[in-house]
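Thank you all for coming. I would like to walk through one structure with you this morning, beginning at its ligand and moving outwards from there.

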Amino acid sequence: MRIDIISAVPELLDSPLNHSILGRAQKKGLVEIVVHNLHDYGKGTYKQIDDYCFGGDAGMVLMIEPIHRLIQDLQKERTYDQIIYVTPDGPVLDQPTANRLSCYENLIILCGHYKGIDHRIREHIITMEISIGNYVLSGGELPAAVICDSIVRLLPGVLSDETSALSDSFQDELLAPPIYTRPADYNGWKVPEVLLSGNPKLIKNWQEEQALERTRLLRPELLNSASE
Ligand code: ADE
């Protein structure tokens with residue numbers, strides 16, 4: 001899989017993309033993530049990428065031309081399955097969306113900045129919009145990193161235990177059960193007995209009960225949406 005990210009502040013993506021699971025997945029060649037600096041496509045001597053908003057509103061808007069030219073150059077090299085714009089007014093990212101995105105070959109993620117992007121880009125170039133939640137961040141870089149992480153951890157070979165992404169919270173509309181490690185007794189705080197029983201069937205039943213109970217308690221709306 002290949003993900004091309006377009007950003008006006010590419011430095012913001014350095015750390016989240018290049019460490020831990022995302023970093024290792026790239027080193028292993030399981031995903032290629034390329035960050036493009038929008039300023040490289042800026043107009044004129046000053047490499048301008050933004051301009052004032054028509055209509056007199058405050059704030060700068062990312063211009064069409066640098067974004068369009070960059071995307072056209074990328075499209076000369078390969079066909080993209082989706083050209084995603086990260087924006088707080090898009091549909092909110094969820095696990096089924098991450099699952100679906102992880103099946104694609106080539107994705108572009110466009111990060112907004114300042115007040116946003118010229119709306120014609122959304123009308124004519126963007127094929128999918130994603131928000132990471134109902135709050136506004138200063139730019140699309142952190143949302144882009146969140147989306148990459150949610151996708152890449154699902155790719156075969158990325159997680160050492162291949163089944164562990166499947167047991168994540170939300171994969172079956174339920175929260176994950178509680179997990180523990182050694183010591184089994186820490187100053188009297190004990191790990192549930194059943195997990196030490198060595199009986200896989202009992203353990204599985206307990207985990208399923210806990211997942212259901214925690215979902216009922218903490219996120220009851222997930223159960224309602226699963227039954228719709
Ligand atoms: N850009 C700014 N805020 C955002 C959000 N919540 N989700 C996606 N992109 C954003």
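A backbone N or O atom of Thr 87 lies 3.2 Å from a nitrogen atom of the ligand, and this pair falls under what I will call a polar contact, that is, a pair of N or O atoms within 3.5 Å, where within protein one must be able to donate a hydrogen and the other to accept it, and residues adjacent in sequence count only if both atoms are side-chain atoms. A polar backbone atom of Ile 132 is 2.9 Å from a nitrogen atom of the ligand, and for a backbone N or O atom of Gly 133 the distance to a ligand nitrogen is 3.2 Å. The protein covers 96% of the 260 Å² of accessible area that the ligand has on its own, with areas taken from the Shrake-Rupley method and a 1.4 Å probe, and, for residues, only the protein chains shown counting as cover.

I should say here that this is a predicted model, in which local features need pLDDT of at least 70 and side-chain atom pairs count only at pLDDT 80 or more, while totals for chains, interfaces and linings use all residues. Residues are numbered from 1 along each chain as its sequence is written, and side-chain values use heavy atoms, with hydrogens and water left out.

Which residues are around the ligand? Among them are Val 86, Thr 87, Ile 132, Gly 133 and Leu 137, where near means that one of a residue's heavy atoms lies within 4 Å. The shell divides into eight nonpolar, four polar and no charged residues, with Ala, Val, Leu, Ile, Met, Phe, Trp, Tyr, Cys and Pro counted as nonpolar, Asp, Glu, Lys and Arg as charged, and the others, Gly among them, as polar.

Leu 137 lies in the loop between strand E8 (128-130) and helix H6 (141-152); these elements are DSSP runs numbered from the N terminus, helices (H or I) having at least four residues and strands (E) at least two. At 38% relative accessibility Leu 137 counts as partly exposed, a class that sits between buried, under 20% relative accessible area, and exposed, over 50%, with a 1.4 Å probe and protein chains only.

Val 86 takes us into the strands, since its bridge partner in E6 is Cys 111. Strand E5 (residues 82-86) and E6 pair in the parallel sense over five bridges, and strand E1 (residues 2-7) also pairs with E6 in the parallel sense over five bridges, pairing being called when DSSP finds at least two bridges between two strands. Within that second pairing, Ile 6 has Leu 110 as its bridge partner in E6.

Why is E6 described as largely enclosed by the rest of the structure? Six of the six residues of this strand, residues 106-111, are buried, so the description follows. On one side these are Asn 106, Ile 108 and Leu 110, and on the other Leu 107, Ile 109 and Cys 111.

Finally, some backbone details. A cis peptide bond joins Arg 182 and Pro 183, with omega about 5 degrees. Lys 47, which is not a glycine, has a positive phi of about 50 degrees and lies in the loop between strand E2 (32-37) and E3. Asn 187 also has a positive phi, near 50 degrees, and at 67% relative accessibility this residue counts as exposed. For context, most residues other than glycine have a negative phi, and most peptide bonds are trans.
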